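The following exercises train the reading of a structure step by step. Please attempt each task before turning to its solution.

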Amino acid sequence: MKQLSSNSETTTPAVDVVREQMLEAIKGSLGDALIDSHIKPGDDLWIRVRTDSWRTSVQKLRDVHSFDYFGFLSAIDWMPSPYGRGEDDPTEPAPERDMTIRSGYAGGDTRMQVFIRIVNSTTHFGLTVKVDVADSSPSVESLITIFAGANWHERETHEMFGIDFVGHNDLRNMYLPVDFEGHPLRKDFPLLARMVKPWPGIVDVEPLPGGDEPELAAQDSNGGDA
Amino acid sequence: MTMLGDRQQLSYIASQAADARLNLELETEGMTLNIGPQHPATHGTLRIIARLDGEQVVWAEPACGYMHRGYEKLTEVRTFPQVTTLVNRIDWLGSFANEVPFILAAEKLMGVEAPTRAQYIRTILFELSRIANVSLFLGDLGVQLGAITPVFLAFRDREYVLNLIESATGGRFHPNFDRIGGLKDDLPAGWIDETRAVMKKLRNFCDQIEDLLFGNEIFQSRTRGIGVIPRDVALQYGLSGANLRASGVDWDLRRDQTLPMMWNKADWKVWTHPDGDSFARCWIRLQETRESTKIVDQLLGSIPSGPVMAKVPKIIKVPEGEAWVSTENPLGEMGYYVVSRGDLGPFRVKIRSASFNNISITPWLLRGVYVPDIVTILASLYFILGDIDR
């Protein structure tokens, strides 16, 4: 099943010393702003910081630990979609779905989370920083004074998730029309293409056009352009 | 009469403001210049709104969204193998390279690794799509600066590479060849020798372009010192690929991270340039194309025999978890943040595309430049519209 080459076994120890050390250093400088963390040995490091210290935490990560490269900023809506995968049969009653909100690595207390990827441009060590956003009025501080590149990413996240970025005064839509209602990447936003026309995969065997002999003959006599 | 959107209203206000602004020294009036959405310099449909004072740009902003296809939403209703069809179309000039990081992320979550032969072929096809992509850039660059010949050379020689990709994968532009656990098929007979011959042609093409374009005095005077991006600004904006290396940052994801790919099996060089101007960005891309042909040549000689597909179940369910994988694509760092819930399809996929970051620097970069330099700078930043809007 698994085909692990010999070198990947040696580079994937059970305890990731580099990441553990980095996490300890980050704990030291962020203090109680750091809520939770997660290490996948040989792979990646996740941390979660408090919402009220989002900007200062990222500032510290950049200044103290020289995570000076801005990868991206985006958000996750952890609520399972009420529409499932858009494959429901509209003639059947709606199926029961487990709608409990479960967060990913480094935990979370809210439905939506904002996360960024920052990298140290010298050591190429990268980490993912997550922050909770309140359910009632989703908003976090803007990072544009720390990373100028966050500008467009925050605009995109605002448009797609409806999360407000305090301190960003130009949160215009990037992609959608101005009068567009809703936030498309929220899980409760239906994918309209699947709502208008049911997913063809729900039908087990679709009757083939011209499956009956007489119809086929009739089509042929029409020159097949019916 | 349609209603003015917010964006249009803003640009209207901007134009009024620019028009009202009077240059007292030269007694010129400001104006608003609209470039695009359809313009050869935009590789798709990007619209640039520039407020001018005489020949100088006071304020400029790209308006994107003309090609937004909502791929991040669509991935949530697709199964994992189906997503590659979508991501193929993000950067349509280097499609195979788009598939690789997504497949690697899925493999990482599943704990599966492709067989060595598949990893070699993946790396070769990855580099071929880089060559196809960047050789078009090198030709197109000439057109945008007023030289017609390079584009004919580029289209002629890129055709050889596309033919190779087609004969191996069946698709010229959208191969959809990468699978979780390996590749769809093995290489066809005679492909390796053919590829060697094409690589020779491509190196020849690079020499020709270097002679024709990079040694040209007009080209140099139009690109040297134009659109300079300092190192710290490049990092802040998250530029990647040649744009970052042209600002003196020695960082190539092919060399600087461990992935189950075969770049470290070849001997090649990461080029950087200290200047950070348009010339540096173009020059780096030319050198990279050369290096890519070298990588392909070396890997062709050492492809081991064996299967191209690991044993994976027929119906692929990816275990719960989160993974981030990015690779050095033709346009820069292309990455996927994949969240799985143990389902047939991903729970959330964040697509980090290179052009989105690369082009977000333009409002900063275009301030104060002259009108003809807008085209130079846009051309040298090199973006694909599908890669911005996704």
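**Exercise 1: A sheet in chain B**

In this predicted model, strand β8 (residues 332-340) of chain B and β9(B) form an antiparallel pair with five bridges. Determine which residue stands opposite B:V339, and establish the order of the strands in the sheet.

*Solution.* Step one: locate the partner residue. B:V339 faces B:R348, which belongs to β9(B).

Step two: place the pair in its sheet. The open sheet has three strands in the order β7-β8-β9 (chain B), and their pairing is antiparallel.

Step three: identify the edges. β7 (321-329) and β9 (348-352) of chain B are the edge strands, since each pairs on one side only.

Step four: describe the twist. On average, neighbouring strands of this sheet are turned by 10 degrees against each other, direction ignored.

Step five: find what covers the strands. α4(B) lies across β7 and β8 of chain B and runs at about 150 degrees to β7(B).

**Exercise 2: Two packed helices**

Describe how α4(B) and α5(B) pack against each other, and state whether their crossing is left-handed or right-handed.

*Solution.* Step one: recall what is required. Two packed helices are described by the angle between their axes and the distance between the axes.

Step two: supply these values. Helix α4 (residues 95-110) and helix α5 (residues 116-144) of chain B pack at an angle of about 135 degrees, and their axes are 7 Å apart.

Step three: classify the angle. Angles over 145 degrees count as roughly antiparallel and those from 65 to 115 as roughly perpendicular; α4(B) is therefore oblique to α5(B).

Step four: give the handedness. The crossing of α4(B) and α5(B) is left-handed.

Step five: list the residues involved. α4(B) contributes B:S95, B:F96, B:A97 and B:V100, while α5(B) contributes B:R122, B:L125, B:F126, B:S129 and B:R130. The residues of this contact comprise five nonpolar, two polar and two charged.

**Exercise 3: The two chains together**

How many residues of chain A are in contact with chain B, and which element of chain A gives the most to that side?

*Solution.* Step one: count both sides. The contact involves 38 residues of chain A and 39 residues of chain B.

Step two: name the elements. In chain A, β3 (69-77) and α4 (150-161) each supply at least two residues of the side that touches chain B. β3(A) gives the most, with six residues.

Step three: sort by character. The side of chain A that touches chain B has 17 nonpolar, 14 polar and seven charged residues.

Step four: consider confidence. The mean pLDDT of chain A is 79, with 81% of its residues reaching 70 or more.

Notes. Residues numbered from 1 in each chain as written. Chains lettered and ligands numbered in written order. Predicted model: local features only at pLDDT ≥ 70, side-chain atom pairs only at ≥ 80, totals over all residues. Contact = placed C-beta atoms within 7 Å. Helix = DSSP H or I, 4+ residues; strand = E, 2+ residues; numbered from the N terminus. Nonpolar A, V, L, I, M, F, W, Y, C, P; charged D, E, K, R; others polar. pLDDT = per-residue confidence, 0-100. Axes fitted to C-alpha atoms, helices over the stretch in contact; angles between N-to-C directions. Parallel < 35°, antiparallel > 145°, perpendicular 65-115°, else oblique. Left-handed = near helix turned anticlockwise from the far one by under 90°. Pairing = 2+ DSSP bridges.
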